[in-house]
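The exercises below concern salt bridges, one helix and model confidence. Each task is followed by a worked solution.

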Amino acid sequence: MSTPSETPTPSGVATPASDAPNPNSKSAAKKEAKRLEKEAKLAAKAAKVTSSTPAGEKKAKAEKEKKEEEAPFVNTTPKGEKKDLSQPMSSGYNPIAVESAWYDWWHAEGFFKPELGPDGHPKPEGLFVIPAPPPNVTGTLHIGHALTTAIQDGLVRWNRMLGKTVLFIPGFDHAGISTQSVVEKRLYKTSGKTRHDLGRERFLETVMDWKNDYQERITNQLHRLGGSYDWSRVAFTMNPQLSKAVVENFCRLHEDGTIYRANRLVNWCVKLNTTLSNLEVDQKQLTGRTLLNVPGYDVKEKFEFGVITSFAYQIENSDEKIIVATTRPETMLGDTAIAVHPNDSRYTHLHGKFAVHPFVNRRIPIVTDDIAVDMEFGTGAVKITPAHDPNDYEVGTRHQLEFINILNDDGTFNANAGEKFQGMKRFHARVAVVQALKDQGLYIETKDNPMQIPLCSKSGDIIEPLLKPQWWVNCKPLAEEAIKHTRAGELVITPKQSEAEWYRWLENIQDWCISRQLWWGHRVPAYFVRIEGKEQDTSDGKSWVVGRDLEEATARAKKLAGDAKFTLEQDEDVLDTWFSSALWPFSITGWPDKTADYETFYPSSMLETGWDILFFWVARMVMLGLRLTDKMPFQEVLCHAMIRDAHGRKMSKSLGNVIDPIDVIQGLPLEQLHEKLYEGNLEEKEIVKAKAGQKKDFPKGIPQCGTDALRFALCAYSGGGRDINLEILRVEGYRKFCNKIFNATKFAMLKLDESFKPEPTPKPTGNESLVEQWILHKLNIAADEVNRQLTDRNFMAATNAAYNFWLYELCDVYIEAMKPMTDPSASSTTRTSSQQTLYTCLDHGLRLLHPFMPFVTEELWQRLPRRPNDSTPSIMLAKYPVFEKHFVFDDADKQFDLIFNAIRTSRSLAASYNLQSDIQLFVHAQDDAEAALIKSQIPTITTLIKGCKSAEVVREVGQVPPGCGSMVLTRTIVIHALVRGLIDLDVEIARCDKKLNLAKLSLDKVKKVEAQADYEETVPSNVRLLNEEKRKTLEAEVETLELSKEMFAKLK
């Protein structure tokens, strides 16, 4: 077996990447073939020159065989059929070959569908339902989605193997803003056309084509990732059933007054030409004057931010001026007041007076306001622009000021801004306004001003507060219900940090604008009733009706209009994507209809997602779930970490660090990584930057790792933190772990000959040796630990427990230790018992790993023989290992730990003398029971110590032959290794002196502690016992070193 250093521990550092090329890349295969051919020629030439044995021929032959092995794998299994495993196992682990065919077979066999009990209800073992967060159809999945799948499917497979009725529902989100934006960019990039050139109907057809294409791509990715979704229930947020749910949601909330229409300030994205919710706005922190590019302007143009500009207004009919300051000078064109504090004596004489606007024919009242104005800040006078600032909006409402909108939807200024500025783009107007103020002598100064600027999270454009009539959700009462039910224990949020944020956000919730000025999405089911001969305002909700269909809307319109003639005009806007996604857990089961799925599978067991959308999505699902279904939509929310690159940077296409999980699974050369950058909408300068990032992070491309290694790595990273800095080399390290499992199973299968038949149950027979009892005990501990950690949602600890069992206990110890037990010289009882134990460990060990590594475990498990009367068709339906009383061997665990410590000490002793072969050990054991135990395990000891020729137990120190190096194991056991003739005696005596001094120093420290006056009274008994054991061991070490020194001196 290979050494443990071949694979990383889940919390450790990965083994460095191999320099070998990707064997499934044609170009790499050619390069490798040339390299091997060159090496073979050189070896042959050297053989001729030296007239030595034909080593060159052997090497050439071996390399020829290697080349043949590296031929790309071709899957010949017909789709949906079970893989034929009648042929011998391949010479090495190939993830592409191992992972082929299984998913299609699982799907075809219906293993992903929930298994109900005979009565048609969930099985008594329990019910586990996860509604998979629907990925956006904007593009293919990235590595963050792979993390989601790995965690969710790990839990799904674990619960399925525990015997529960399990449902994992897949689906896709239409992602209104994001999808429309990406399709518009692609449309313009490829044809030079805009959506308006196509018209609404043709554009929506184009987006639907995009959606179908990417839904298929994403589906294929999810298949490759091994997600055991029930594809018969796949959902899409805009399919008829889910669209019906969205309409029902809007109508119900409008009918009970939760949804209302109002002309209020919204976050307006000029680039996307739509409203955004507060959660879709990012805040960029500036420390002072900063020049920035703005989307929609020439890339060479930069505009000034992070400054505050002061200017003066002339007081009407006076030479006096009043100075105000603003970070957005262009908004002064919409000013309708100047506010001062009522107690500010500097401005008492101006109360009720007016200033004169320098550029538009407008009188500006001076009002008093003790809420908006801080007398100590600036000049104590504040310009008020109610239609373009959230704080000013409140001032305008309090003082019934005029709300003047100066901005068109496209970011240009309208007629309200004055003739001079009408038609200017907003940031050109900023420059022009400052210059105009200077021209009129009203400009005072511009100073650095640390501040935040609001950015659209989708386009990066600078958000404009804009007054618009929109549909709003009154969230306060919904949030209060969510808080009440969460505090009542109906919802568990993990980790706790996210729970604290949950309450903080809900307690400070604001109303939610759900209107979006898009074409792609659910059209608002609201209709303006235009009554003939009546003057009406579309801004408020008085002349609007809603309807589940046109018939219902018409009936309501008739009631509103009375006998007057009217026409219905449906709102052109669509609804916020999150308004439909918020219904996900119940709309996918059939709501608003009371379907069988809704009655059986709602509420869900848990919702697993990233902490970054806890409020975007999770809070809204809870609020609407409680309002519409009277039930908490899930019992648990698990928030996973955000994946960053190895440097801790957020994944970004422009950085070139966005990773497609399929590229990790099958590997990708650097050149092809570069090529993929051209598939998106990146500009050429961004592509150049991204290429540089890729070359730095993946100089040889991404190595082929396989799905199992990727899933295991992502779970091993998940220990409850907020961020994961993903290193591909670590993922590659877990491919080596897969290789270890593959080779260990392959080797073990040689020990299970054709005559081997598993016992009907794994229950021990009583014939088990000490090492067998020990490995079964360790298997039991691992099973208990994995189950406990999965219950606690600690995937790092769960994978670590499974990993350690396989690598350090099964592979490194038992499979090696059993070799003499399967020798022809061993008794049939010993051989059979060791085989049964090996079978149990392989069977249970593969099941233990299956939730994390579904493919390699299925491949290997299918090669194992079945126990009598076991017809389980797939490992994914096999019983998951749990703690079993009959596997408890506490005494054997302690006894073998002593043996293994003796093995480790012997290895260290041999290594200290560089002994690699013909190692002769003498174990001086003073205790009768320990001596008997070690003597009984001599075959195991010699087997597990590489190069060990013999090991002998001696009872007296005089039986140890002269010329031995020594190492103390315990106060009653010392390990000796014969080194006579292999060492420099003077050097060895010096080593003994050095060790002796250190041992005496340590011994003196312990004695000093024990000699303290109040030692017996103040030190706990367990600590005193440890100190006593430590003292006796050190005394034994001092004695051993003195004897060794004396012995080496005599040999001189």
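**Exercise 1.** Which residue's side chain meets that of lysine 83 in a salt bridge? Locate both partners and classify their burial.

Solution. The model is a predicted one.
Step 1: the partner of lysine 83 is glutamate 859, with an N to O distance of 2.7 Å.
Step 2: lysine 83 sits in the loop between helix H2 (55–69) and helix H3 (95–99), and glutamate 859 sits in helix H27 (residues 854–861), so the salt bridge ties together parts that are 776 residues apart in sequence.
Step 3: glutamate 859 and lysine 83 are both buried.

**Exercise 2.** Are arginine 627 and aspartate 256 buried or exposed, or in between? Begin with their contact.

Solution.
Step 1: arginine 627 and aspartate 256 form a salt bridge through their side chains, at 3.1 Å from N to O.
Step 2: the two belong to distant parts of the chain, 371 residues apart; arginine 627 is in helix H18 (residues 614–629), and aspartate 256 is in the loop between helix H9 (240–255) and strand S5 (259–269).
Step 3: partly exposed covers the range between under 20% (buried) and over 50% (exposed).
Step 4: arginine 627 has 30% relative accessibility and is therefore partly exposed. Aspartate 256 has 42%, so this residue is partly exposed as well.

**Exercise 3.** With which residue does arginine 426 form a salt bridge? Then place the pair in the wider set of salt bridges.

Solution.
Step 1: arginine 426 pairs with glutamate 464, and their closest N and O atoms are 2.9 Å apart.
Step 2: arginine 426 is in helix H11 (residues 426–439) and glutamate 464 in strand S18 (residues 464–473), distant parts of the chain 38 residues apart.
Step 3: both arginine 426 and glutamate 464 are buried.
Step 4: elsewhere, Glu248, Arg252, Glu255, Arg548, Glu552 and Arg556 are joined into one network by salt bridges that share partners.
Step 5: the total count is 57 salt bridges.

**Exercise 4.** How many residues does helix H28 have, and what span does it reach?

Solution.
Step 1: H28 (residues 890–912) has 23 residues.
Step 2: from first C-alpha to last, H28 reaches 33 Å, close to the 33 Å expected at 1.5 Å a residue.
Step 3: its buried residues include Phe896, Leu898, Ile899, Phe900 and Leu909.
Step 4: just after H28, asparagine 914 has a positive phi of about 60°.

**Exercise 5.** What is the average pLDDT of the chain, and where is the pLDDT below 50?

Solution.
Step 1: the chain average is 90, and 92% of the residues score at least 70.
Step 2: the pLDDT is below 50 over residues 1–69, a stretch with 81 contacts in the model beyond near neighbours in sequence.

Methods. Residues numbered from 1 in each chain as written. Predicted model: local features only at pLDDT ≥ 70, side-chain atom pairs only at ≥ 80, totals over all residues. Heavy atoms only, no water. Salt bridge = Lys/Arg side-chain N within 4 Å of Asp/Glu carboxyl O. Helix = DSSP H or I, 4+ residues; strand = E, 2+ residues; numbered from the N terminus. Buried < 20%, exposed > 50% of the residue type's maximum accessible area, 1.4 Å probe, protein only. Expected span 1.5 Å × (residues − 1). pLDDT = per-residue confidence, 0-100. Contact = heavy atoms within 4.5 Å.
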